[in-house]
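Student: I would like a close look at one part of this model, with the residues that make it up and their neighbours taken in turn. Please give it as one connected account, and keep apart what belongs to the part itself and what belongs to its surroundings.

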Amino acid sequence: MSTSGCFIRPTIGTTSSSPFSNRSLNLKSFKLRACFIEYPLASKIIVRNLSYSTSESCLKEQFSNFGEIAEVKLIKDGNTKKSKGYAFVQYTNQEDAMSALETMDDKHLDGRVILVELAKPMKGRQLGYPKTSGPPPESPIPAQSESESEY
């Protein structure tokens, strides 16, 4: 019988008094627009480096300790339906999101150290690398020789 329980192990040996000291973040410098109009600015966080066995229910259980969650979205591969190792957690207010970010960043969850940051709105919908089209197509107009271009 396998257990895929959800557990957190506190980080050992942290000497910093502020969770932001290693990232040089200034809360007043955040100029992000809200991902959803209904929720306040900076109420959505991204959780990276998740174990591929971590579920949405596990994330909801762990992150609901900081406030009311509007949505948990575990990102999965479209073809295989397996986790890509990151998720978004949307809180109903900004203070809960900041509390979760400060507390959960660099903590152990399901055997991995997770990284928690504010989610940034996407500019455009371009994902991944730009698509290449190969060499330019042949011109439908035949090239002129030098003798034809002289009148």
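Tutor: Helices here are DSSP runs of H or I with at least four residues, strands are runs of E with at least two, and both are numbered from the N terminus. The model is a predicted one, and in it the chain holds three helices and seven strands, which follow one another from the N terminus as β-β-α-β-β-α-β-β-β-α. Of the 151 residues, 26% are buried, and the chain exposes about 11,200 Å², of which carbon and sulfur atoms supply 52%. Among the contacts between residues at least 6 apart in sequence, 68% join residues at least 24 apart.

The part I would choose is strand β2, residues 44-48. Four of its five residues are buried, so β2 is largely enclosed by the rest of the structure. One partner of β2 is strand β4, residues 83-91, which runs antiparallel to β2 and is joined to it by four bridges. Within that pairing, K44 stands opposite Q90, and I46 stands opposite F88. Strand β7 is also a partner of β2, again in the antiparallel sense and over four bridges, and here V47 stands opposite V116.

The β7 partner repays a closer reading. Along its residues 115-118 the side chains alternate, with V116 and L118 pointing to one face, where they are buried, and L115 and E117 pointing to the other, where they are not. The residue of β7 that V47 faces, V116, thus belongs to the buried set of that alternation.

On the β4 side, the pairing continues to strand β3, residues 69-76, which meets β4 in the antiparallel sense over six bridges; in that ladder L74 stands opposite A87. Strands β3 and β4 form a hairpin with six residues between them, and K81 in the turn has a positive phi of about 65 degrees.

Side-chain geometry adds detail around F88, the residue opposite I46. The charged end of K44 sits over the ring of F88, 5.2 Å from its centre. A pair of aromatic rings is described by the distance of the centres and the angle of the planes. The count of such pairs comes to one: the rings of Y86 and F88 have centres 6.1 Å apart and planes at 85 degrees, so the pair is edge-to-face, the cut-off for that label being an angle over 60 degrees. Both partners are partly exposed, Y86 with a relative accessibility of 28% and F88 with 23%, where buried would require a value under 20%. A further charge over a ring is that of R112, which lies over the face of Y52 at 5.7 Å from the ring centre.

The helices enter the picture through A100, which is placed in helix α2, residues 94-104. A100 has a relative accessible area of 0%, and is therefore buried. Leaving aside residues up to four places away in sequence, A100 touches I45, F63, F66, Y91 and D105. I45 lies within the residue range of β2, while Y91 lies within that of β4, and F63 is one of the buried residues of helix α1. Between A100 and G67 the C-alpha distance is 8.4 Å, although 33 residues separate them in sequence.

Helix α1 itself covers residues 56-63, and C58, L59, Q62 and F63 are its buried residues. Viewed down the axis of α1, these fall within an arc of 115 degrees, so they line one face of the helix.

A last link across the sequence involves H108, which has its place in strand β5, residues 108-109. With a relative accessibility of 15%, H108 counts as buried because that value is under 20%. H108 and L50 are 58 residues apart in sequence, yet their C-alpha atoms are 9.4 Å apart in space.

To return to the chosen part, β2 pairs with β7 and with β4, and its residue I45 is among those that A100 touches.

Technical notes:
Residues numbered from 1 in each chain as written. Predicted model: local features only at pLDDT ≥ 70, side-chain atom pairs only at ≥ 80, totals over all residues. Heavy atoms only, no water. Buried < 20%, exposed > 50% of the residue type's maximum accessible area, 1.4 Å probe, protein only. Pairing = 2+ DSSP bridges. Phe/Tyr/Trp six-rings, centres within 6.5 Å; stacked < 30°, edge-to-face > 60°. Lys NZ or Arg CZ within 6 Å of the ring centre and 35° of its normal. Contact = heavy atoms within 4.5 Å. Areas by Shrake-Rupley, 256 points an atom, 1.4 Å probe, with all protein chains shown as cover. Arc of directions from axis to C-beta.
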